[in-house]
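Trainee: I would like to learn how to read ring pairs, sheets and cysteines from a set of coordinates. Could you take me through them one by one?

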Amino acid sequence: MAHLNYNHLYYFWMTYKRGSVTAAAQALFLTPQTVTGQIKLLEERFKGALFIRKGPKLLPTELGQLVFKYADKMFSLSYEMMDIINYSGQENQLFEVGVADALSKSLAAKVLESVIPNDGRLQLRCIESTHEMLLGQLSEHKLDMILSDCALDSDKQDTLFSKWLGECGVAFFSSEPLSEPAFPACLETRPLLIPSRRSALGRKLLSWFEEQGLSVKVMGEFDDAALMTAFGCQKGRIFVAPSIYTEDIMRDGRVYQLGTTEAIKEEYYVIFAQRMIQHPAVKRLCEQNFSELFAGIN
């Protein structure tokens, strides 16, 4: 059997995973022309097309799907091999964690602090991004786990698993006190800031407003919870946050809590990939009970 160029195979694998030559080229720090040329050489080696173009989309052929099935196993195992070497062969273990940008930094710190040993052998590296972007990095073994407020879609991510950490209701805040009308009718009196409707919490809030018969004026939607809070602290606007964040939000005394509801629940998860040897910190976290962290807020 003639030699198989694994660089060509890797470029194909990255293009398949990223969905386009341009995205793969950016991840590989190469030009799109280089990636396209390498894939063409692989197609010559296999004597068949691996992709077909349908409008703006690049779709895998039947041969491309077959090749990807094996390439995915190969490169996933190679990433796992490097992870295992990192876990067992270095004095300081690297622990790479993705934190969803909608998540409270205080909450993330408390969860991570519970599994970091005191011997100084663990080097923590945190990356903040969207839930979707972090899932992609986790699938490519660029992260050891994710902390998120979004559940895992197991139908689309059959190699990933999640552990439920806890849940809480939501609270509404403003930089100005509102005594009239009573909550929740007071939410109709000021511009409202909410999490993006792309998020689970944003969609739950919009449904709740409708169920309550509230005619609210949504001034802005935010993916970043900290940015929403910063805007909410200005000009008497009303903003919403999971009730677990109440202490942090009201710490400086400039914000008033208008009311809370348990009809909407925000849930928190740790998400990790299936591996032959799991990262020790991920194992410790999955064995932890976080009920005390969420106690008294539900």
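Mentor: We will go through aromatic pairs, then the sheet with its helices, and then the cysteines.

Mentor: Please keep in mind throughout that this is a predicted model.

Trainee: How many aromatic pairs does the structure hold, and how are the rings of Tyr10 and Phe75 placed?

Mentor: The structure holds 15 aromatic pairs. For Tyr10 and Phe75 the ring centres are 5.1 Å apart and the planes stand at 65°, and since an angle over 60 degrees counts as edge-to-face, that is how this pair is classed. The two residues belong to distant parts of the chain, with Tyr10 in helix H1 (residues 6-18) and Phe75 in helix H4 (residues 62-89), 65 residues apart.

Trainee: Are these two residues buried or exposed?

Mentor: They fall into separate classes, because buried means under 20% relative accessible area. Phe75 has 11% and is therefore buried, whereas Tyr10, at 23% relative accessibility, counts as partly exposed.

Trainee: What is the geometry of the pair formed by Trp208 and Phe209?

Mentor: That pair is tilted, with 5.8 Å from centre to centre and 55° between the planes. Both Trp208 and Phe209 are buried.

Trainee: Which residues form an aromatic cluster, and where does the charged end of Lys73 sit?

Mentor: Phe12, Tyr16, Phe51 and Phe68 form one aromatic cluster. As for Lys73, its charged end sits over the ring of Tyr70, at 5.9 Å from the ring centre.

Trainee: Turning to the sheet, what is the order of its strands, and which strands stand at the edges?

Mentor: The order should be read across the sheet, from one neighbour to the next. Here an open sheet of 8 strands has mixed pairing and runs S4-S3-S5-S10-S6-S9-S7-S8. Strand S4 (122-129) and strand S8 (218-222) are at the edges, where each has a single partner strand, so one side of each is left without a neighbour in the sheet. On average, and with direction ignored, neighbouring strands of this sheet are turned by 25° against each other.

Trainee: How many bridges join S10 to strand S6, and how many join strand S5 to S10?

Mentor: Strand S6 (residues 160-174) and strand S10 (residues 256-273) run antiparallel and are joined by 13 bridges. Within that pairing, Leu160 has Ala273 as its bridge partner in S10, and Cys168 has Glu266. Strand S5 (residues 145-148) is also antiparallel to S10, with 3 bridges between them, and the partner of Ile146 in S10 is Ile271.

Trainee: Which strands do helices H7 and H8 meet?

Mentor: Helix H7 (residues 200-211) packs on the sheet and touches S6, strand S7 (192-195), strand S9 (238-242) and S10, its direction making about 150° with that of S10. Helix H8 (residues 225-232) lies across S7, S8 and S9, and runs at about 175° to S7.

Trainee: How many disulfides does the count give, and why is Cys126 not bonded to Cys286?

Mentor: The count comes to 0 disulfides. A disulfide requires two cysteine sulfur atoms within 2.5 Å. The sulfur of Cys126 has its closest cysteine sulfur in Cys286, 16 Å away, which is too far for a bond. Cys186 is likewise in no disulfide, the nearest cysteine sulfur being that of Cys233, 16 Å away.

Trainee: What are the accessibilities of Cys126 and Cys186?

Mentor: Cys126 counts as partly exposed at 44% relative accessibility, whereas Cys186, at 1%, counts as buried.

Key
Residues numbered from 1 in each chain as written. Predicted model: local features only at pLDDT ≥ 70, side-chain atom pairs only at ≥ 80, totals over all residues. Heavy atoms only, no water. Phe/Tyr/Trp six-rings, centres within 6.5 Å; stacked < 30°, edge-to-face > 60°. Helix = DSSP H or I, 4+ residues; strand = E, 2+ residues; numbered from the N terminus. Buried < 20%, exposed > 50% of the residue type's maximum accessible area, 1.4 Å probe, protein only. Lys NZ or Arg CZ within 6 Å of the ring centre and 35° of its normal. Pairing = 2+ DSSP bridges. Axes fitted to C-alpha atoms, helices over the stretch in contact; angles between N-to-C directions. Contact = heavy atoms within 4.5 Å.
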